[in-house]
Amino acid sequence: MTTIAVLADPPREGLVATDLAATSPLTEAEAAEWYAAVLKDVLVAADRSGGDLLVNYRPDDRLPDGHVTETASEAAVRAVAASALDDLDGVRFEPQVGSNVAARAGNTVTHLLREEGVVSAAVVEPSIPFLTRPIVDNAAMKLRRSEVVLGTSTEGRVYYAGFTAPIDFTDAFADPALETLTARGRDEGHDIDFLPIQPVVETGADLLDALPLLNARVEAERIVPVHTATVADELGLRVEYDEGERRVVRD
């Protein structure tokens, strides 16, 4: 059984999805709405899988100045989880430790594997709206045969990083993270396996891939990330094609 650690920030304007706001028609407040929706869908996928869900939140003392409010970071993240999941029984909430993503992910994975003795541990960020229970369970199966399993995305990024043995996590998510993590795993003599490619959404350009897939799945009445689809619909987001160019527009 894999412990899936979801690295989560409180969904506050100007704190989360700032690159998305800077490169798309979304305001910072709307980008925070998008982030919260994707976080909910990621939590649902992890919770419904055969693994254990660990919500790894960034505590107040590790938030940038100006983003600490009267509501504690843990409480804000718990509220998002409570609105997405039927109940929080069995869901762990633990503070992140580390100054950057690589350090936070590395500290979490290493602690789970070495100190808690879990069989496998994985980290996911709220940038992958199309994460599903079958993907998470497929990763767990692959981790029975390989020490490192990576979910591949565009531009050399990863949406899932699972391990049965630690690696050197120093700068392990340096671009392109897919190659860097693979190299670190091979340095330790680990076998590496991969999950099918899925679009992550971190910038406006990423929406050009994600929105058509999202809207097509809605139209076809296929499984969709419900919370993300709802926010996309409320914001009126779609991709417009004009003289061979694509751009994100709003209805």
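**Reading a sheet and its helices**

Mentor: Hello! Let us begin at one residue: G236, just after α8, takes a positive phi of about 65 degrees. Please remember that this is a predicted model.

Trainee: Thanks! Which residues of helix α8 are buried?

Mentor: Look along residues 226-235, which form α8, and you will find T228, A229, V231, A232 and L235 buried. Now view the helix down its axis: these buried residues fall within an arc of 165 degrees, so they line one face of α8. On the other side, V226, D233 and E234 are exposed.

Trainee: What covers the buried residues of α8?

Mentor: The cover includes two helices, α2 (28-48) and α7 (204-219). It also includes the strands β8 (237-242) and β9 (245-250).

Trainee: Let me try the pair of α2 and α8. At what angle do their axes cross?

Mentor: At roughly 160 degrees, and the axes come within 7 Å. To turn such an angle into a word, use a cut-off: angles over 145 degrees count as roughly antiparallel. That is why α2 is called roughly antiparallel to α8.

Trainee: Which residues make that contact?

Mentor: From α2 come E30, E33, W34, A37, V38, K40, D41 and V44. From α8 come V226, H227, T228, V231, A232 and L235. By kind, the residues of this contact divide into eight nonpolar, two polar and four charged.

Trainee: Now the sheet, please. In what order do the seven strands stand?

Mentor: The order is β3-β2-β1-β4-β6-β5-β7, in an open sheet with mixed pairing. At the edges stand β3 (92-95) and β7 (192-195); each has a single partner strand, so one side of each is left without a neighbour in the sheet. From one strand to the next, the twist averages 25 degrees.

Trainee: How many bridges join β1 to β2?

Mentor: Six, and the two strands, residues 2-8 and 52-57, run parallel. For one place to look, find L7, which stands opposite N56 in β2.

Trainee: And which helices lie on the sheet?

Mentor: Take α4 (residues 101-115), which lies across β1, β2, β3, β4 (120-124) and β6 (158-163). It runs at about 160 degrees to β4. Helix α5 (residues 133-142) also packs on the sheet, where it touches β1, β5 (148-152), β6 and β7. The direction of α5 makes about 165 degrees with that of β7.

Trainee: Which residues of α5 are buried?

Mentor: I135, V136, A139 and K142. Use the arc again: these residues cover only 120 degrees around the axis, which puts them on the same side of α5. They pack against β1, α2, β5, β6 and β7.

Trainee: How should I read the two faces of a strand?

Mentor: Here is the general idea: in a regular strand the side chains alternate between the two faces of the sheet. Now apply that to β4, where S120, A122 and V124 are on one side and A121 and V123 on the other.

Trainee: Are the residues of β4 buried or exposed?

Mentor: Five of its five residues are buried, so read β4 as mostly covered when buried means under 20% relative accessible area. Both of its faces are covered.

Trainee: How does β4 pair with β1, and how with β6?

Mentor: With β1, the pairing is parallel over five bridges, and I4 stands opposite A122 in β4. With β6, the strand runs antiparallel, joined by three bridges. On that side, the bridge partner of A122 is G162 in β6.

Trainee: Let us finish with the backbone. Where is the cis peptide bond?

Mentor: Go to D175 and P176, which are joined by a cis peptide bond with omega of about -10 degrees. P176 is found in the loop between β6 and α6 (177-187). D171 is placed in the loop between β6 and α6 too, and has a positive phi of about 55 degrees although it is not a glycine.

Trainee: What about phi of E221?

Mentor: Phi of E221 is near 60 degrees, again a positive value in a residue other than glycine. You will see E221 in the loop between α7 and α8. With a relative accessible area of 74%, E221 is exposed, since the cut-off for exposed is over 50%.

Methods:
Residues are numbered from 1 along each chain as its sequence is written. This is a predicted model: local features need pLDDT of at least 70, side-chain atom pairs count only at pLDDT 80 or more; totals for chains, interfaces and linings use all residues. Side-chain values use heavy atoms; hydrogens and water are left out. Two strands pair if DSSP finds at least two bridges between them. Helices (H or I, at least four residues) and strands (E, at least two) are DSSP runs, numbered from the N terminus. Axes are lines fitted to C-alpha atoms, for helices over the stretch in contact, and angles run from 0 to 180 degrees between N-to-C directions. Contact means heavy atoms within 4.5 Å. Buried means under 20% relative accessible area, exposed over 50%, partly exposed in between (1.4 Å probe, protein chains only). The arc is that of the directions from the helix axis to the C-beta atoms. Angles under 35 degrees count as roughly parallel, over 145 as roughly antiparallel, 65 to 115 as roughly perpendicular and the rest as oblique. Ala, Val, Leu, Ile, Met, Phe, Trp, Tyr, Cys and Pro count as nonpolar, Asp, Glu, Lys and Arg as charged, and the others, Gly among them, as polar.
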